[in-house]
Amino acid sequence: MLLENIEKILNSQIRIEAESSQIYLAMACWAEVHGLEGVAQFMYNQSDEERTHMLKLVKYVNERGGHAIITDIAAPTTRYKTFKEMFENLYKHELFVSASINELVHITLAEKDYATHNFLQWYVSEQIEEEAQAKTILDKINLIGDDKGGLYLFDRDIQQLAVTSAAAAGNKK
């Protein structure tokens, strides 16, 4: 049985994961209309992955005797000056999600809710991957600078990353 405060913070995380999915979806749309097919596909895949993260939390809350609450979410940014700005926002958002997960872990330990603490370890590991991936992509964008040829190659490379991560996501289920 979930403690009331644990249920409340897990429901807050459900909202954060839903917003994350929408953020990636909005980024996919922006990239697609700017001719960045690889970036768009990567973002569409990430949006799906974030929704899966949300659903995993929903199921956990409900299975542990709580009630997952689906709330309204903030509208994501839909326009960016550059694709670099978009990825900088993505990286900042992943840092925010990591901080939120870390706070959840802290609270579950303080409350001695070891089942939820154990459940959240998957999210801790996932956020390590998400942050590292976002940072690596941002580092590559910084290397490219304003080189249009580099942008073309980057878009093709990230499209391959999208295919690889979609296949990996299929294996995680």
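Here is a short exchange on how some features of this predicted model earn their labels.

Me: How do you know that the length of helix α2 agrees with its number of residues?
Reply: Helix α2 runs over residues 37-63, which is 27 residues, and at 1.5 Å a residue the expected span is 39 Å. The C-alpha atoms at its ends are 39 Å apart, so the two values agree. After α2 comes Gly 65, with a positive phi near 90°.

Me: Why is the pair of Tyr 60 and Phe 119 called stacked?
Reply: Ring centres must lie within 6.5 Å to pair, and planes under 30 degrees apart count as stacked. Here the centres are 4.0 Å apart and the planes make an angle of 10°, so the pair meets both limits. Tyr 60 belongs to helix α2 and Phe 119 to helix α4, 59 residues apart, and the pair thus links distant parts of the chain.

Me: What makes Tyr 60 and Phe 119 count as buried or exposed?
Reply: The limit for buried is under 20% relative accessible area. Tyr 60 has 9%, so Tyr 60 is buried. Phe 119 has 15%, so Phe 119 counts as buried too.

Me: Why is the pair of Phe 87 and Phe 154 called edge-to-face?
Reply: That label needs planes over 60 degrees apart, and the centres must again lie within 6.5 Å. With 85° between the planes and 6.0 Å centre to centre, the pair fits, so edge-to-face is the right name. This pair also links distant parts of the chain, with Phe 87 in helix α3 and Phe 154 in helix α5, 67 residues apart. Both Phe 87 and Phe 154 are buried.

Me: Which residues do ring pairs link into a cluster with Tyr 60?
Reply: Phe 119, Trp 122 and Tyr 123 join Tyr 60 in that cluster. The structure holds 6 aromatic pairs.

Me: How do you know that the charged end of Lys 56 sits over the ring of Trp 122?
Reply: The distance limit is within 6 Å of the ring centre, with a further limit on the angle to the ring normal. The charged end of Lys 56 is 3.8 Å from the centre of the Trp 122 ring, so the distance passes, and the contact is listed as a charge over a ring.

Me: What makes up the lining of the largest cavity?
Reply: The search of the whole structure finds 1 cavity of 30 Å³ or more, and the volume of the largest cavity is about 30 Å³. Its lining includes Tyr 24, Phe 42, Phe 87, Glu 94 and Glu 130. Helices α3 and α4 are the elements that give two or more residues, and α4 has the largest share, with 4. By class, the lining has 6 nonpolar, 1 polar and 2 charged residues.

Me: Which residues lie closest to the centre of the second largest pocket?
Reply: This pocket has a volume of about 280 Å³. Thr 82, Phe 83, Gly 145, Asp 146 and Lys 148 are the closest to its centre, out of 13 lining residues. Helices α3, α4 and α5 each supply at least two residues of the lining, which has 5 nonpolar, 4 polar and 4 charged residues by class.

Me: Why is Lys 112 called exposed?
Reply: Exposed means over 50% relative accessible area. Lys 112 has 61%, so Lys 112 counts as exposed. Its place is in the loop between α3 and α4.

Me: What makes the phi of Lys 112 worth a look?
Reply: Most residues other than glycine have a negative phi. Lys 112 is a residue other than glycine, yet its phi is positive, near 60°.

Technical notes:
Residues numbered from 1 in each chain as written. Predicted model: local features only at pLDDT ≥ 70, side-chain atom pairs only at ≥ 80, totals over all residues. Heavy atoms only, no water. Expected span 1.5 Å × (residues − 1). 1 Å grid on protein atoms, 1.4 Å probe; cavity = no way out; pocket = protein on both sides within 12 Å on 5 of 7 lines; lining within 4 Å. Points joined across faces, edges and corners; volume = space filled by probe spheres on them. Nonpolar A, V, L, I, M, F, W, Y, C, P; charged D, E, K, R; others polar. Buried < 20%, exposed > 50% of the residue type's maximum accessible area, 1.4 Å probe, protein only. Lys NZ or Arg CZ within 6 Å of the ring centre and 35° of its normal.
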